Amino acid sequence: MHDMIGRDEDLDGDTLREECGVFGIFGHPDAAAITALGLHALQHRGQEAAGIVTFDGQRFHSERRLGLVGDTFSDPGIIAQLAGDSAIGHVRYSTTGETILRNVQPLFAEIDGGGFAIGHNGNLTNGLTLRHQLVKDGAICQSTTDTEVMLHLVARSKRNRFVDRFVEALRHLEGAYAFVGLTNKKLIGARDPQGIRPLVLGMLDGHPIFASETCALDIIGARYVRDVENGEVIVVSDEGVESLKPFPPMPPRPCIFEFIYFARPDSMVGGRPVYEVRKGFGRELARETAVEADVVVPVPDSGVPAAIGYAQQAGIPYELGIIRNHYVGRTFIQPTQTIREMGVRLKHSANQAVVAGKRIVLVDDSLVRGTTSVKIVQMMRDAGAREVHFRIASPPITHPDYYGIDTPERDKLLAANHDLDGMRRYIGADTLAFLSVDGLYRAMGAEKRDPSRPQFTDHCFTGEYPTALTDRNGEAPPPRQLSLLAEAS
């Protein structure tokens, strides 16, 4: 799911941001409550808004709100209003741009044959192009998300069976998607032909579930069945679970950032335990970039598993040299430039007892703009660190993403504009080193990257995009041509 209006390019914060998480369950009497719990487990994938749509056998019920899952769906009254034994849910990621309720998913529409609700994780790289053509042909768009394109394509299909209409709509799409859809008879899960965005199938007391990550199954005690395969459409109905493979088979190419950053450490992605993979990144990083030091310090929380792996491989003690304050919300008031510059201290504090007088290795999972890293390094020096060696458990990010990760454009990516020593000087470290692309692949269990057929979606490091970038390549009107209707909050 991606807003199709141009976002504020100067993103607040020095981090990568996932777009969304999706969840769906079929035939369970507590569908809404279970979906709310699943979304709670997927909250790390989006903190801006949440929504649930249910079907009670006669009517669809929808509740979409801005804010965290617990802000709305912990209310028993709200859950009671979401009647029905089938449901889908969605969490939307947080951005500094304007949020409007009509962009909050799941989206719902009345189409020929009944109601249809859909939630989407990912981003369509031809969404603007399709939207422009649909509007030209008379479509009326209510949101500014590319997900709405899917509603129109399904509605316009002339096929008789809903599943055929859904598949026909998918054939028009480029880019990355994990969809959950709900009709009056079916729950549908679908993954793009290269499996860029994740989706898993689970089972709870015989009731099928779709979720972005296995941690959403764990929270409700559901059993993980398998990953939805790349290019697969799974249809759940009273007749059972049906798997369709409407696309020509191709090798999967999942997003490497799910393993580096996005997925929760306790999730399994592509059959791999994320926590162990991240420790593996740290071990490879230590093999490639060893340095004499007294202590390994993670940048919390994202750098923790990699730092553990680094410390184990290097034989250097692992210590919590930075303490994170977990109670700083994204909306903390920062009224002046001075306060904004102090911002990192709201979230992180040096543990002076660990740092003072030591040669430290700082381990983080990625380096985006570098602005946070500057402050972290200075914080370590202020706390008395003798040397600060920065180690990044992924390669340099040199290219932006268009598949559901909100990255800055190239001119804001530190590695796209500086060589290694320039980056080191910028962040103020004694040394700086990154995990190599082949080291990343080795940690994933591959001997090395196959340049003719990469095993993962890794364009942020390599510049090799897995699909056409139709909208970016000038074949669609620019996003800012879309109208904006202001809504009262």
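Author: In this text a strand is a DSSP run of state E with at least two residues, and strands are numbered from the N terminus. The model under discussion is a predicted one. With that convention, Ala211 is placed in strand β11, which comprises residues 207–211.

Reader: Is Ala211 buried or exposed?

Author: A residue counts as buried when its relative accessible area is under 20%. Ala211 has a relative accessibility of 0%, and therefore counts as buried.

Reader: Which residues does Ala211 touch, if those up to four places away in sequence are not counted?

Author: Ala211 touches Val22, Phe23, Leu199, Val200, Ala216 and Leu217. For a C-alpha separation, one may take Gly189, which is 22 residues from Ala211 along the chain, the two C-alpha atoms being 9.0 Å apart.

Reader: Let us turn to the annotation. Which residues does the UniProt annotation "binding site" cover?

Author: Such annotations may be inferred rather than shown by experiment. The record, an unreviewed UniProt entry, assigns "binding site" to Ser302, Asp364 and Asp365. These residues span 64 residues in sequence, yet no two of their C-alpha atoms are more than 6.5 Å apart, so they gather at one spot.

Reader: Where does Ser302 lie, and which residues is Ser302 in contact with beyond its neighbours within four places in sequence?

Author: Ser302 belongs to the loop that runs between β17 (295–298) and α10 (304–314). Beyond its sequence neighbours, Ser302 is in contact with Tyr261, Asp364 and Asp365. The side chains of Ser302 and Asp364 are also joined by a polar contact of 3.0 Å.

Reader: How does one read the surroundings of Asp365, and is Asp365 buried or exposed?

Author: Asp365 is buried, its relative accessible area being 4%, whereas Ser302 is partly exposed at 27%. Asp365 is found in the loop between β20 (359–364) and α14 (371–382). Apart from residues up to four places away in sequence, Asp365 touches Ile260, Tyr261, Ser302, Gly303, Ile392, Ala393 and Ser394. Its side chain makes a polar contact of 3.3 Å with the side chain of Ser366.

Reader: Sheets come next. What is the order of the strands in the open sheet of four strands?

Author: In general, strands of a sheet pair through backbone hydrogen bonds, either parallel or antiparallel. In this model the order is β17-β20-β21-β23, and the pairing is parallel. The edges are formed by β17 and β23 (431–434), each with a single partner strand, so one side of each has no neighbour in the sheet. On average, neighbouring strands of this sheet are turned by 20 degrees against each other, with direction ignored.

Reader: Over how many bridges do β21 and β23 pair?

Author: Strand β21 (residues 387–392) pairs with β23 over four bridges, in the parallel sense. Arg391 stands opposite Ala433 of β23.

Reader: Which strands of the sheet does helix α9 touch?

Author: Helix α9 (residues 274–289) packs on the sheet and touches β20, β21 and β23, its direction making about 125 degrees with that of β23. Helix α14 lies across β20 and β21, and runs at about 150 degrees to β21.

Reader: The last feature is charge pairing. How many salt bridges does a search of the whole structure find?

Author: Side chains of opposite charge can pair when their charged atoms come close. The search finds 22 salt bridges. One of them joins Arg45 and Glu258, whose closest N and O atoms are 2.9 Å apart. Arg45 lies in the loop between α1 (31–41) and β3 (49–55), and Glu258 in helix α8 (residues 257–262), so the pair ties together parts that are 213 residues apart in sequence. Both residues, Arg45 and Glu258, are buried. They also take part in a network of salt bridges that links Arg45, Arg197, Glu213 and Glu258.

Reader: By what distance in helical turns are Glu284 and Arg287 separated?

Author: Glu284 and Arg287 are separated by about one helical turn, because they are three residues apart in helix α9. Their side chains meet in a salt bridge of 3.0 Å, N to O. Glu284 is buried at 11% relative accessible area, while Arg287 is partly exposed at 47%.

Reader: Which residue does Asp458 form a salt bridge with?

Author: The partner of Asp458 is Arg449, with the closest N and O atoms 2.5 Å apart. Asp458, at 2% relative accessibility, counts as buried, and Arg449 counts as buried at 10%.

Terms used. Residues are numbered from 1 along each chain as its sequence is written. This is a predicted model: local features need pLDDT of at least 70, side-chain atom pairs count only at pLDDT 80 or more; totals for chains, interfaces and linings use all residues. Side-chain values use heavy atoms; hydrogens and water are left out. Buried means under 20% relative accessible area, exposed over 50%, partly exposed in between (1.4 Å probe, protein chains only). Contact means heavy atoms within 4.5 Å. A polar contact is a pair of N or O atoms within 3.5 Å; within protein, one must be able to donate a hydrogen and the other to accept it, and residues adjacent in sequence count only if both atoms are side-chain atoms. Two strands pair if DSSP finds at least two bridges between them. Axes are lines fitted to C-alpha atoms, for helices over the stretch in contact, and angles run from 0 to 180 degrees between N-to-C directions. A salt bridge is a side-chain nitrogen of Lys or Arg within 4 Å of a carboxyl oxygen of Asp or Glu.
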